[in-house]
Every structure is written in C-alpha cells, then in structure tokens.
Amino acid sequence: MSRRPPKSLADRPELGALNERSREILRMIVDSYVETGAPVGSRTLSRNMGLDLSPATVRNVMADLEDLGLLMAPHTSAGRLPTEQGLRLYVDGLLEHGNIGQDEREIIEGKCAASGRSLSQVLEEATTLLSDLSHCAGLVMAPKQQDDTLKHIEFVSLGPGRALVVLVGESGNVENRVIDVPVGLPPSSLVEASNFLSAHLRGRTLEDTRQIVSQEMDTERARLDELTSRVVEAGLATWADNSSGGALIVRGQAQLLSDVQALEDLEHIRQLFTALEKKEALLRLLDLTDDAEGVQIFIGAENELFGMAGCSMVVAPYNNSKQQIVGAIGVIGPTRIDYARIIPMVDYTAKVIGRLIG
C-alpha cells in the first residue's frame, strides 16, 4: 500500500484529531527519542507500554501517525522517529513538565546573584549555567541600553578630536562609545556636557532622555556655549545610532558535540555553529519573544529565521520592574533536547534575571 506524503507544517493535525491510544504511542516514541536518539519499533512499544496491545495493533497506529506526518522511518529501519511536526504536537499538547527541583533553583539563584557584578557579567554567568545544566548552547540577549533607566553619563577626553562617552544604567550595565568632538575642545566643555546630561537623564531611559534634551536644547543653549552643545548632540546621536539592538551572548557550543549519534548529526551541529555565528538572525529570532508571553519553543525548520532542520530553541523573555520585556534567555540544541526539564529551567532563569533587573 502506498504512503501519502507527510503533511506540511501548515497542515499539521491538531491534538484533538488523535485518539487516546495514538496520543500515548506518540508520547512514548518522543520520550524514547529524547532519551536515546534511536528509532523505536512496534514490538518494543508493545512490550513497554503496559497496555494490552499487540505489536500489530501498535504498528497500525504508528502507520496512521506516519500518514499524518508525525512519525518517519529513517533509512530502512523498521523503527520510527518523530518528525518536527510530531515534536511540535508533543510539546504543545502532550508534554508534562512541572517546576524544577529545589537544588537547581538554588544553583540558578546563586549563580545569578548580582553581588557587585555588572548586569552583563550576571548574564554571562547565567548563560554558561544554562548551557551546563541543559547540555546545550546557552544564549541571552542583553537589555537594549535604551530600555535601561540611566544613572550617569560622562565624557572623557581621548586626545585631539576624540572623546569617550561612558553611560551607566541603573541596572549596573556600563557601555562606552567613542565620539568625534571639535579639535581644541576645552576640558570644561566636556565637564559641562556631562553635568547637563546627568541632570536630565537620571531615572529615565535613553529614549526619554533624548526626547527631553532635544526639546530643551534650544532654551538651554543660552547656558551652554556652542562647543558644549555640539558635544551633547554628538553624544546623544551616537547612542541613538547604535542602541537599537541588544548584545547577544552565546556560551557552551562545545556541549552540542557531546552526544552526536551519527554523521548526519555532525552535519546538523555544523549548521548550528554556522547559525550561532550569524548573530543578526538569532537576534531577530529572539526579538519574536517581544510579541508573546512565557517560554517560546522553536523546533527545526518551522521558523524561517532558523533555516535548518535538526535543531530546537527554547527561549523565555525577562521583564524589568515596569513589566517591559528587555531581553531574552534560552538554549539551543538538537531537536531531541529534554523539553520537560529544560522548559521550566529556562522559564525560572528568566524570572530570576527579571527580579535582578528590578
């Protein structure tokens, strides 16, 4: 009997289209895949399910699931593996996951504790920790500086025609940028520019500060000499031009090589490393969390930004005290990651980071 071609992702079946027996068999196949990475056959399922089902009955159900595009037969194996559609249906409707254990909670909270460190250092530590706990690559999008409330700004001379702008956020995040200033600028102009902006920015975001200062520059220009005004404008323009995207931190790529099952897995890992190097695409993918709440799961090629099969990404946004999404943290790895364990782990880490930002 000929097989119908697998359904596309757009045509994937809903969970309600499966009866209880089909759901249980799909769940067991995915659980086995996550644990071993190997195909599973009808005889193994019949023996392990604890249900009064013959291998022939299980085989018929597996054939139906394959017709629906939820299972596939790799090579000539008699066993079956879940497709990306099958994994998506499992994650959306069959996966049972709870809270992470107390030990892991304490580890995450301890590693993420600020204890005098800058936000970027805390995020790097959290990313490395997630990588170690999940055996995947950890990644985090640091807050956009324009979303952080500001504490201090200072201009430091670097010699003729150059100055360093130091911007300090209330979260402890520090950024430095170099700007062009008029040659022969007196040190007093840098001091006056620093004082002027510091008086206007404390407790505001960069975007708020830029709007307020732009409105007040004309009236304040009488107080500021021409050179000082040019420093202020140059400093704000530099931040405006470069603050649209947050920094992306990736840690633990080597974790992805620790459980390679076959040569095709090596190719998937190679493609994954290539994707990790294309940080612009990953930042766009992380930005999708701005439009949704809670943990987001991207499986294989179902998202065009991912652009490859064989890999999954679990990511959660974190909020500031105003409940604004300012960044995201998560892991990326092969599709057979332990979703039940990793999803609550990523979710809890994002909540801890959000509390630290305040």
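## Strand pairing

Two strands are taken to pair if DSSP finds at least two bridges between them. In this predicted model, strand 9 (residues 311-319) and strand 10 (residues 325-334) run antiparallel and are joined by nine bridges. Within that pairing, A316 has I329 of strand 10 as its bridge partner.

## The five-stranded sheet

An open sheet of five strands, paired in antiparallel fashion, follows the order 7-3-10-9-8. Strand 7 (248-251) and strand 8 (296-299) occupy the edges, and each has a single partner strand, so one side of each is left without a neighbour in the sheet. From one strand to the next, the twist averages 15 degrees.

Helix 6 (residues 119-134) lies across strand 3 (137-141), strand 7, strand 9 and strand 10, and its direction makes an angle of about 35 degrees with that of strand 7.

## Nonpolar cores

In soluble globular proteins, nonpolar side chains tend to be buried together. Here the largest nonpolar core has 70 residues, and those with the most contacts inside this core are L26, I108, V314, Y318 and Y339. Helix 12 (residues 339-357) supplies the largest share of the core, amounting to ten residues. A second core, separate from this one, has 21 residues, among them I153, L197, L206 and L224.

## Surroundings of V314

When residues up to four places away in sequence are not counted, V314 touches V295, Q296, I297, I329, G330, V331, I337, Y339, I342, I343 and V346. One of these contacts, Y339, is itself listed with V314 among the residues that have the most contacts inside the largest core.

Definitions and conventions
Residues are numbered from 1 along each chain as its sequence is written. This is a predicted model: local features need pLDDT of at least 70, side-chain atom pairs count only at pLDDT 80 or more; totals for chains, interfaces and linings use all residues. Side-chain values use heavy atoms; hydrogens and water are left out. A nonpolar core is a set of buried Ala, Val, Leu, Ile, Met, Phe, Trp, Tyr and Cys residues joined through side-chain atoms within 4.5 Å. Buried means under 20% relative accessible area, exposed over 50%, partly exposed in between (1.4 Å probe, protein chains only). Helices (H or I, at least four residues) and strands (E, at least two) are DSSP runs, numbered from the N terminus. Contact means heavy atoms within 4.5 Å. Axes are lines fitted to C-alpha atoms, for helices over the stretch in contact, and angles run from 0 to 180 degrees between N-to-C directions.
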